[in-house]
Amino acid sequence: MATLTNLMPNQILYDYFSRRMGNTTLREEVCVPVRVIEIDLSTKRALCSRFGNSPRWVSEREIKRYRVNKKVK
């Protein structure tokens, strides 16, 4: 799990979540790379970009959900 105080700019984190596989009840686990661009400790937020999309501010609560290392299957 990632913590706000240990983050560095341009660090890559990984977000894992499950989603439906198309029009079915089957589910798949998805790994999304998240790049940390900027950290603001005064407001406890970080500017992050998922999938290389435009960056957005992420709260400390959401950052705790991200993983530092990729899962090995």
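How many bridges pair β3 with strand β4 (residues 56-59), and in which sense do the two run? Keep that in mind while you get your bearings; the stop at β4 has the answer. One note before setting off: this is a predicted model.

**The whole chain**

Start with everything shown as a cartoon. You should find one helix and four strands, and reading along the sequence gives the pattern β-β-β-β-α. The C-alpha atoms fill a box of roughly 45 × 25 × 20 Å along the principal axes. Colour by burial if your viewer allows: of the 73 residues, 26% count as buried. Among contacts with a separation of 6 or more, 39% come from residues 24 or more positions apart.

**The sheet**

Now select the four strands. They form an open sheet in the order β1-β2-β3-β4, and the pairing is antiparallel. At the edges sit β1 (12-20) and β4, each of which pairs on one side only. Look across the sheet to see the twist, which averages 45° from one strand to the next.

**From β2 to β3**

Select residues 27-40 for β2 and 45-50 for β3; six bridges join these antiparallel strands. To see one pairing up close, show Val 34, whose bridge partner in β3 is Arg 50. Then follow the chain round the turn: β2 and β3 form a hairpin with four residues between them. Lys 44, in that turn, has a positive phi of about 55°.

**From β3 to β4**

Add residues 56-59, and here is the answer to the opening question: β3 and β4 pair in the antiparallel sense over four bridges. Leu 47 has Trp 57 as its bridge partner in β4, while Cys 48 stands opposite Arg 56. These two strands also form a hairpin, this one with five residues between them. Click on Phe 51 in the turn to find a positive phi of about 60°.

**The nonpolar core**

Next, show side chains for Ala 2, Leu 4, Leu 7, Leu 13, Val 34, Val 36, Ala 46, Cys 48, Val 58, Ile 63 and Tyr 66. Together these eleven residues make up the largest nonpolar core. The elements giving two or more residues to this core are β2 and β3. As background, nonpolar side chains tend to be buried together in soluble globular proteins.

Centre the view on Val 36 for a look at one core member's surroundings. Beyond its neighbours up to four places away in sequence, Val 36 touches Leu 7, Met 8, Pro 9, Asn 10, Gln 11, Leu 13, Leu 47 and Cys 48.

**Gln 11**

From that list, select Gln 11, which is found in the segment before β1. Is Gln 11 buried or exposed? Gln 11 counts as buried because its relative accessibility is 17%, below the 20% cut-off. A polar atom of the Gln 11 side chain lies 3.1 Å from the backbone nitrogen of Met 8. Leaving out residues up to four places away in sequence, Gln 11 touches Asn 6, Val 34, Arg 35, Val 36 and Val 68.

**Asp 15**

Move along to Asp 15, which is found in strand β1. This residue is buried, with a relative accessible area of 0%. What does the side chain of Asp 15 make a polar contact with? Show Arg 50 again: the two side chains make a polar contact at 2.8 Å. Widen the selection to the other contacts of Asp 15 and, apart from neighbours within four places in sequence, you will pick up Val 30, Cys 31, Val 32, Val 34, Arg 65 and Tyr 66 as well as Arg 50.

**The cysteines**

For the last stop, select Cys 31 and Cys 48. How many disulfides does a search of the whole structure find? The search finds zero. Cys 31 is in no disulfide, and the nearest cysteine sulfur, that of Cys 48, is 15 Å away. Cys 48 is likewise in no disulfide, with the sulfur of Cys 31 the nearest at 15 Å.

Their surroundings are worth viewing with the surface switched on. Cys 31 counts as partly exposed because its relative accessibility is 27%, whereas Cys 48, at 3%, counts as buried. Cys 48 is also one of the core residues you selected earlier.

Terms used:
Residues numbered from 1 in each chain as written. Predicted model: local features only at pLDDT ≥ 70, side-chain atom pairs only at ≥ 80, totals over all residues. Heavy atoms only, no water. Pairing = 2+ DSSP bridges. Core = buried A, V, L, I, M, F, W, Y, C linked by side-chain atoms within 4.5 Å. Buried < 20%, exposed > 50% of the residue type's maximum accessible area, 1.4 Å probe, protein only. Contact = heavy atoms within 4.5 Å. Disulfide = S-S within 2.5 Å. Axes fitted to C-alpha atoms, helices over the stretch in contact; angles between N-to-C directions. Polar contact = N/O pair within 3.5 Å; in protein donor to acceptor, adjacent residues only side chain to side chain.
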